[in-house]
Structure formats: structure tokens, C-alpha cells
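Here are some comments for you to read beside the model. Please take them one at a time, and find each residue in the viewer before going on to the next point.

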Amino acid sequence: MRPIEILKRHFGYSSFRLEQEAIIEHILLKKDALVLMPTGGGKSLCYQIPAMIFDGLTVVVSPLISLMKDQVDALTANGISAAYLNSSLSAGEERDIVRRMRARDIKLIYIAPERLFAAGFLQFLKTLNVSLFAIDESHCISQWGHDFRPEYLRLSMIRDAFPLVPVVALTASADVVTRKDITLKLNIREARLFVSSFNRPNIHYFIEHKRDPYALLSDYIQRHKGDSGIVYALSRKSVEGLAERLQDNGFSALPYHAGMDTAARNRHQERFIRDEADIIVATVAFGMGIDKSNVRYVIHYDLPKNIEGYYQETGRAGRDGLKSEAILYYSAGDVFKLKRFAEVEGNPEQSRVMLNKLNKMVDFCESRRCRRRYLLNYFGESFPEYCGSCDVCLTSYQSIDGTAIARKAVSVVTQTGQRFGIVYLVDVLRGAKTEKISAAHKSLKAYGCGLEASAEEWRGYFRELIRQGYLMQVGDKYPVLKLTDKGKDISDDERTMLTRPAKRSEAALAAEDSYEKALFEELRKTRANLAREANLPAYIVLSDSTLIELAKYLPLDMDKIQLISGFGEVKTERYGAIFLSVIQEYCKGHELNSLIHLKAPKRQRGMTKDNTKEFSLQMYKEGKTVEEIAKERSLNPDTIKGHLAFYIPKGIVRVEELTPPEKIPAIRRAVKIHGLLALGMIKRELGDGYSYAEIQAVIHHLAMKVEEKT
């Protein structure tokens, strides 16, 4: 089966995104690869689709139990055989999975590195037909990465044990140094590098000064009540205090950090994933690999340690492609806290790297450049000056004559001996009454001469003077400002232009798509009920973006519902009629017509919806039974019956061939009561003894009779 057919049939999409297709084709040639793709960009498909094509087993190394469970739940919901081996399983459950692996009943097995190297397990894998190794969150193997995990270092043994099996390493965030380290540590030096765009256009980036942060937080959450969100805080104490305070104020919030009891931590994560709690307040221990698609905002209550971590954490918002927000509360005080944690004992080189990463994070917060451009430039990707969806681009700046400001900045650097950083110099300029300023500096001419600007504005001016080449920062742990030749030559006659924020431009915000909001809520309730019955997170049933497409384009029959992104053959068969019934009833009650004709057609490649029906018909004409066709095409028999029912009005297939004659009268009576479009209501009335395919066949037959009369 071709990759595009698997994508359509099991995942409900008709075209690949970013570099997915090229990566899959490369892996199918049994070659190693290093894949960098943004969070939510579809990294998993890059190994899941080859796993379906390869004859043997795909082994996925994953760092977290929750990540494994999410992936396996999603694959199973899409009709793909997958399992995981980790400490959450009982001995009996583990034995059953091992048995299924031996029986070749599993295509993908998810496993933690510790379990992979448990006694005898590699030898056991050698008795199986292993086709591919996928190393997820592969930045964990690098000491220069932002989330180094020592247990990942043993993964180099994979190449020694399986020299002919391809290895694909995947991550959402790795700078150039980390990328090289990944290929070195995994012993895949010849791996082809695939770097997709790091841009997440649906995420809007905002940085706000950390004044009364709880007031900012509670006000934001109040305005977005009911939305799913993550709040990151630096310490366990902060997490617990914030969660408790939010709960006291009536918000649905739960804490999560590594110091909690494992059962409680897992319970809180599960409740958040299943939409039973709106907000998770967490340390960075939460989130790696979390696939929850409907997170609408990520708020950093404290400064992240580095841009890689910040990028990955903000990427947990908007995985469904809908508009989402990433908000960071920034204060210079957080910088001092983090510098204490940046040093790695006995490893000065890694300490230097970590401090440099922290300084880049600070520069990102204090810069007046487009946030999106800064992020993408950090990962080696170019971007225009204006994105229209960050606080910098949505704020208009006015140019001012900053000559006096520039001279004061240069003067305070000179008078203090070029030995201090921005925060200290700002305190001197503003005449701060604090003991950290020496008595000698309080007697300087510069002391207290800068009261015309706030501390936040002064920090911005210093950053701008650095960018213009008047000043430079020197040092890693505690960078100090020094004069450049340009700064030394500054004179009264030289005019220096600076900028300051004027106002936020709301007009630059893009308008959201219009859709039937009330219908969307009804569809969400239907999805929630289905999720509870199946014991699955709601987003695995269908994503918010799929529900919005349903509420926007209003498909009114099964053929049209398959035009909605996310409805592959498996999801259409399981859920299509149920959601269709909700849409039909809503449209009937509100006198709305379908707008499916306005939906841009998907880019089709390979087998289309029409010729897959023709293929089933051709096999049927050759004398094969429905069950034989279904087995040969790896489809459900009801799906094949649905294909054939399409040809009843054309006189090619008779209704009695698909629906037992004794069932037809009851279906006719139900159709007479509810109408030709009410498939879901008809199914509910008739019960489990009647399949959707049998009902559809009769509906097609009756529709043909109606057309003959008109």
C-alpha cells in the first residue's frame, strides 16, 4: 500500500505536510534520518506510515509513559495495531504483548530506553523481524540539548546490535550543536538531516512585564474560561501555590510536578487530557510528547531556561492548527534565579553553553524585534521583519531623539568602570535605594539622572544601543557592558535615534473563521460522550479543527462528511453517521443548507474517494464476496458495502445484495418517519441489529425511486 493511501485511510488526510513525504520515502529506502519538525507538525507519521508498509516490527523509543499511551491510543483509534511496554503494565499484560510481538500481531511497539536495555530484551528483539527504530525526543541524548537524559546515551548500542536496521531520530527543538551530537551519540553519522520550518503560524506570541503576575494570569484565564491551557512555573512550590489559588478563585486547575505522588500526577494529567480539568499548572516535568490537540494557550509564569525549552513548551498549544496564544511574564529577577541553576558542577564547558542559552532567552524577551522572526532565526530559519501576530508586531513604535538617553547610558557604563550588567546600571540611573549599589556609585553624577524612563524602558534602550553598536556585552554567567569604539566616540553633536512603544495595533489581528458556534458546542458534547464510552481523550475521537470544519461547512450526507479533514475511512465508519445526525438535526432546526461546496478540495493523490469505490465494484463484478474484498483491501465489510451502495441508483447493484430482504420493510418505515437524511436517527431507532451500511443501501434505493418520480 502506498504512503498516501495509508494517510487517507487511517489518518483522514489527503496530503502530506512539511517534509513528511520526503522523510517517509527516505526511510522506506532503509536509510537513517534525523528529523527536526515543529511540535504539532506531524513527526510521528514519519515513522508510523513506514511501519505500516515494512513487513516487520517498528520499535519506538520514547521517554515518557504518558507519551506512549497517547500515541498507542491514537493509533488504535485509527485501526493500527500498536502497544507499549512500560512499568504501568501488570506481568500478565506484559506477557500478552510479548506473545503478540512473537505472533507478528503488532506493527509498532513503544518502549522506554531503560526497558529496551533490560536483561535479555535486545536479544529477544533479534529473534523478531525488526524493520525500523524510531528515537523520539532525540534531543534527550545530547548534553548540549535542553533536556539531557543520561539513560539515552545507551541508545548507541542499537546500531551495534542491528547494523542493517534503519534508525530515525526525531525532535522538535535542537540547535546546530545538538543536531551534530545526536548523530554522533546514536552512531548514525551518515543520517540525512530533514529540517522542516519551525514556524507555527497559528501561535501568537506575547511577552508581558511581570507586574502583579497573578492578576495578569487570573484576568487572562477569566477571559478564556472553558479553554484548555497550560501554565508553566519554575518551582514545585509555585506550581502548588498557583493551582490552589486558581482553585480558590473558581477555576478548574490542577498541579503537576515531579515531586508529586506518581498516581496523583498521572491522575491529574489524565483529567487534563480528557477535558475534565481546564488548566494544568506545571513545572517543565509536564508535557513532553503530550498530544492533546485543543490546548488554546500556554502561559509561562516564570522565565524559561532556554529558547529550545520555551519553543517546545509553547508548541503544546494549537496542535490542531487553530489560533492559540503563548504568553510569557518576564522580569529581570527571574534571570538571577535561573543563573544559579545554569552551572553544571564539574563541567565548565556545559555551564558556559547553558548560560549562553539563558542569555539568548533574555535577549529574546527584551528585544524589540518580531518574536517569530527571533525564534526562527535562532533555529537557522529566515523570516520577514513583520509577522502580525506577536506583541512586537502588534505594537506601533515611535522614533525619538535618543541622544540624551544614549549619552547617559554611555556615561553610567564609563563611570562604573565597565564592570556591571544592565540591571545594575538601570538601578544606578534610576537612583534605586538599595544596598546592592555601592556608596561610591551613589555619589556618581549618573546616579538618579535617568528618572525620565522606567526600568523596563531603560533595559530596552540598553538593548537597542547594543544592537546599534554603541555597547557590547561580555561574559557568560554575569555579562557586563563595555563601550565599543563607536560608544567611546559618541559626542554632543551626534544624534542618536531610538524607539519606544506607542500603542498596540488591534487591527493587525487576523479575524477568526466564522462557523456555527452553537453547533460546535453540540458536536463537542457528542464527542465527549463517545470519548467516555471508548475510554479515550476527546481529541483522539476527533480534533477541535475537525469539529469546526463540520460546524462551518455543514455536510449533510456520508459522502460529503468524508471531505472533512480528519475523517478517514476508519473514523467515518465509526463516527460519521453519529456526527452527521447532529448536523442534520441542527440544520433542520435552524433552516440551514450545507456549505460543503465552499470547501476547497483536498489535494488528492493516489486513490481517490470515487475510484476506491470503483475498485470495490470491479472486484465485486469479478465474483468476490463483500468479505473477500474487505479482507483483500484491509477494510471493514461495512465500508465495502458503502462503496457498493453508491451504485444502487445506477442499477449496477441491487439493494437486496447488501441488505437482507427481511430487514428492508423496517428500514423503509423508519425512513418514512425521519426522512432520507436522518441516518443517525434511523440507526438509533432500529438498534444494533441493523448496520449503517444496510440502512444506507435502502436509503440509496429509496432516493433512486424519488428521482424516478420527479
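**Notes on the predicted model**

1. Please keep in mind throughout that this is a predicted model. Of the 710 residues in the protein, 57% are buried, where the word buried stands for a relative accessible area under 20%. The accessible surface of the protein comes to about 31000 Å², and carbon and sulfur atoms account for 50% of that area.

2. The protein contains 32 helices and 17 strands. Its radius of gyration is 30 Å, close to the 27 Å that the globule rule gives for 710 residues, so the protein is as compact as a globular protein of that length. Along the principal axes, the C-alpha trace spans about 100 × 65 × 45 Å.

3. How much of the contact pattern joins residues at least 24 apart in sequence? If we take the contacts between residues that are at least 6 apart in sequence, 72% of them join residues at least 24 apart. As a contrasting pair to locate in the viewer, His-204 and Ile-667 are separated by 463 residues in sequence and by 51 Å in space, C-alpha to C-alpha. His-204 belongs to strand 8 (residues 203-209), and with a relative accessibility of 8% this histidine counts as buried.

4. Turning to charge, the protein carries 103 positive and 91 negative side chains, and the centres of these two sets lie 2 Å apart. The structure holds 29 salt bridges, and the next points look at some of them.

5. One salt bridge is formed by the side chains of Asp-32 and Arg-159, with 2.8 Å from N to O. Why does this pair tie together parts of the chain that are 127 residues apart in sequence? Asp-32 lies in the loop between helix 2 (20-28) and strand 1 (33-36), whereas Arg-159 lies in helix 8 (residues 157-161), so the bridge connects parts with that separation. Both Asp-32 and Arg-159 are buried.

6. A second salt bridge joins Arg-296 and Asp-320, whose closest N and O atoms are 2.8 Å apart. This pair also links distant parts of the chain, since Arg-296 sits in strand 12 (residues 295-300) and Asp-320 in the loop between helix 13 (307-314) and strand 13 (324-330), 24 residues apart. Both Arg-296 and Asp-320 are buried.

7. The salt bridge between Lys-436 and Asp-427 has an N to O distance of 2.9 Å, and its two partners deserve separate attention. Are they buried or partly exposed? Lys-436 is partly exposed, its relative accessible area being 43%, while Asp-427, at 18%, is buried. Elsewhere, Lys-69, Asp-73, Glu-270 and Arg-274 are linked in a network of salt bridges.

8. Helix 24 (residues 544-553) is mostly covered, with nine of its ten residues buried. Among them are Leu-547, Ile-548, Leu-550 and Tyr-553, and the charged residues Asp-544 and Glu-549 are included as well. The elements that cover these buried residues include strand 12, helix 22 (517-534), helix 25 (558-561) and helix 26 (569-590). Just after helix 24 comes Leu-554, which takes a positive phi of about 50°.

9. In helix 9 (residues 176-185), the buried residues include Thr-178, Arg-179, Asp-181, Ile-182 and Thr-183. When you judge such a pattern, it helps to recall that an α-helix has 3.6 residues a turn, so residues three or four places apart point the same way. The cover over the buried residues of helix 9 includes strand 1, strand 6 (167-171) and strand 7 (192-195).

10. Two further residues are worth checking for their backbone angles. Asn-187 follows helix 9 and lies in the loop between that helix and strand 7; its phi is near 60°, a positive value in a residue other than glycine. With a relative accessible area of 27%, Asn-187 is partly exposed. Arg-104 likewise has a positive phi, of about 60°, although it is not a glycine. Arg-104 is found in the loop between helix 5 (91-102) and strand 4 (108-111), and at 52% relative accessibility this arginine counts as exposed.

Conventions: Residues are numbered from 1 along each chain as its sequence is written. This is a predicted model: local features need pLDDT of at least 70, side-chain atom pairs count only at pLDDT 80 or more; totals for chains, interfaces and linings use all residues. Side-chain values use heavy atoms; hydrogens and water are left out. Helices (H or I, at least four residues) and strands (E, at least two) are DSSP runs, numbered from the N terminus. The radius of gyration is taken over C-alpha atoms; the globule rule is 2.2 Å times the number of residues to the power 0.38. Buried means under 20% relative accessible area, exposed over 50%, partly exposed in between (1.4 Å probe, protein chains only). Contact means heavy atoms within 4.5 Å. Accessible areas come from the Shrake-Rupley method with a 1.4 Å probe; for residues, only the protein chains shown count as cover. Lys and Arg count as positive and Asp and Glu as negative; His and the chain ends are not counted. The place of a charge is taken as NZ of Lys, CZ of Arg, CG of Asp or CD of Glu. A salt bridge is a side-chain nitrogen of Lys or Arg within 4 Å of a carboxyl oxygen of Asp or Glu.
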